[in-house]
Amino acid sequence: MHRVVFNGPTKVMAVGAGCSTCTEATAGVSHFWNLMQCNCGKAINEMHRVVFHGPTKLMAVGAGCSTCTEATAGVSHFWNLMQVTPTSASPALSDRKRFPKFFRTATSDLNMNAARIELMKYMGWKRIAIIQESQEIFTLVAEALIPLLKKENFELITTETFHPSKSIDNLIKRDARIIFGGFYMGQAMKIFCRAYKRGLYGPKIQWIIGGWYDSKWWNTQDPSKDSANCTMDQILTAMNGYIATGAVHWNAVEERGLADITAEEFRAEFNRFTNYTEPFGYKFAAWSFDCVWAAAVCLNNTVNDLEPTGHRIEEFTYDHVNYTDLMMANMAKTDFLGVKGRVKFDEFGTSFSDTRVAQLQGENDVTIAILKVGSSFTDDTLVNPFQFHSNENKPPVDGPQLFKERFYVPRYLYFFMCFVSMLGILCTLVPYLNVVNRKARLIKMSSPNLNNIILCGCLLNYIYVFFEGLNENYPVVMFCTVRNFLLVAGFSLAFGALFAKTWRVHAIFTEKNVIQKKAIKDSKLIAMVGVLLMMNMTVLILSLIIDPPHVKTLEARPIISPHDSDVINQYLIDTCSSKNEVYFMAALYIIQGVLLFGGCFLAYETRKVKVEALNDSQLIGVCIYNAVVLSFMGVAITFILPDNPPVKYGLVSSFIIGGTTFTAFLLFLPKLKRVRNLNAQIADSQTEASTSASRINASTISQKPPAMLAIELKITKDRLRECEAKIEVQERVIRDLRARIV
């Protein structure tokens, strides 16, 4: 508290006070704050002593600490005393109901929250934690900050009430990286000591505290008392790099104000007066100077207002409400250029100020930026660069960073699979013997029409590979639809034809009365394949009509980068989905599942059938087993690896290409080989017959007598007739079998 004393005409003393006098008053106020030591009891006691001793006081100036000001301003109005303070920044002091006659040249800490939000935006921080003392000056600021964080979609990890050990441990447990601190300097020593011992500092941690601490404030603290057994070097290590946000204390523009002095001139005068010692509260010297001037201007204007009425301000007593109201009105209208900048009060009696963002670099309090009220934090606002602990001088991240990006099948994998699939397509064209040799008994007995259907199914499966791995810049829904139709149609044709052929073998050789059994023709088997294809296509078409698919973005499992544990990559995968797709997929899986299990059963039942006319019956069984195994594996991979396109595409494509190629080769290579062998045998027989005839003509016939030749000719004819009879019997048996098969 400072007693304003007028030893002469009020008007002269208020306006004409010299610089040295005001500097002494400022230093005196600072000295008095030191005596109070932020003790509310001492402040109330001193106020009571000053009010009731000596001359009547017109105004109360002070106190320094917000806690003491809250205590004194809460009772000073009962004596009709207007109170003005230069340093108390507690948001609680803006409450006009509790403090109806209060003004301050200090800026409320609430006004700093906007700058803190801008700082977070500039740094890219979205997760913060708060640790604070349990006092209104800090709790109200935190409470006002929370809705601002929610508005910007920032995450408040935790709010810790000060406890040196538990609070730090909780911050570590919550993985707090960006920490807002609200505490007085004595508690700051304890917190940074504990942070040093628990490792809550360094390149991954950023502390942000209030900007109203003095320069090198730790030198005014007692390490043995406040630091919990830490050395000053350890505390400085933990503090180094902290960011401080607070109001601007000195006018950055060299301009002369009401006192006809610039900020630099005042600073030089004040330093000379204090012998360059920078006493406690040095940072608030300009605010204090402007506070005294605001009180003087207010009193001077009040004197001028009273003069026409014939009253004097010296007539004021603690019961004169009108005098106080007049002074309140004059203080509210006060507007002048001071050492700290413009001095003007809002409706709550608080003076606005720009925001200074500073950083502790080593032991130096370095100004980083000056933010005007309502301005944004940008590179242009930087006065000096930040210095962070990382090698790249990058600010700490607010936690593990999740990077989302579209994930596609790598091009090299896609082109490789397409190349292999193209080879498979070419291979499906090689078994041309179904067309060229379709009348040959070997080919005709293996149902070439069904073989062609199998080849068509294989071809569709190969084409599916081209559409499955397409990357960005393609219509997702259309290609998803094409893929579904290709895969289902290819499976229906290839496996359906295999199933039909196996069913015919099973029907023939499990019926006891084979002779009376009705013949099973290829047309009936083709109809079976057509019915299966129609069922699957019906399900797909209904799904498109009833529940059209749309693009759905899947989020893959986060993956921690091997290079930086704070970098987490999450890939986004575009796929097709619909509201009721599970029901249509279930229908398709049921149809295919019944077909697969039925195929396994038939293959098992016909495993011992070995008939030359049914030359591929056993091979068909092997193909069915292969298709069943690979189908189940492909479905399992689709469900297990939905968020890993490269692995999923590689495995599923490998199963499709491998299974399709295996089926085609197993069914057609043996036939191709046997046809070639048969053609070779026919050529050898013709060559041998020609050679034998030549020998007979050349030697045997010429040496034997005619009678002997006649006898041999007769024997040969008899043997030929016998062979023809046997051939006729065999052909009759074959015709019966063909009638039942075809």
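Me: Buried means under 20% relative accessible area, exposed over 50% and partly exposed in between, with a 1.4 Å probe and protein chains only. Going by that, which residues of helix α7 are buried?

Reply: In α7, which spans residues 166–173, the buried ones are S167, I168 and L171. Helices here are DSSP runs (H or I, at least four residues) and strands are E runs of at least two, numbered from the N terminus. This is a predicted model, where local features need pLDDT of at least 70 and side-chain atom pairs need 80 or more, while totals for chains, interfaces and linings use all residues. Numbering runs from 1 along each chain as its sequence is written, and side-chain values use heavy atoms, without hydrogens or water.

Me: Why do those three count as being on the same side of α7?

Reply: Because they cover an arc of only 100 degrees around the axis, taken from the directions from the helix axis to the C-beta atoms.

Me: And what sits on the face of α7 turned away from the buried side?

Reply: The exposed residues K166 and K173 are carried there.

Me: Switching to rings: how many aromatic pairs are there?

Reply: The count is 27, for Phe, Tyr and Trp (six-membered ring) centres within 6.5 Å; planes under 30 degrees apart are stacked, over 60 edge-to-face and the rest tilted. One of the pairs is Y196 with Y201, stacked at 5.3 Å centre to centre and 15 degrees between the planes.

Me: Are Y196 and Y201 buried, exposed or partly exposed?

Reply: Y196 is partly exposed, at 26% relative accessibility, and Y201 is partly exposed too, with 27%.

Me: Which residues do ring pairs link into a cluster?

Reply: F138, Y184, W212, Y213, W217 and W218.

Me: Where do charges sit over rings?

Reply: R267 has its charged end over the ring of W250, 4.1 Å from the centre. R96 lies over the face of F103, at 5.0 Å from the ring centre. The test is NZ of Lys or CZ of Arg within 6 Å of the ring centre and within 35 degrees of the normal.

Me: How many cavities turn up?

Reply: Eight of 30 Å³ or more, from a search of the whole structure; a cavity is a set of 1 Å grid points where a 1.4 Å probe fits but cannot get out. The largest holds about 190 Å³ of space, the volume being what probe spheres set on the points fill.

Me: What lines the largest cavity?

Reply: There are 19 lining residues, and R116, F138, V141, G181 and G182 are the closest to its centre; lining means an atom within 4 Å of a point. Helix α6 gives the most, with five residues.

Technical notes: 1 Å grid on protein atoms, 1.4 Å probe; cavity = no way out; pocket = protein on both sides within 12 Å on 5 of 7 lines; lining within 4 Å.
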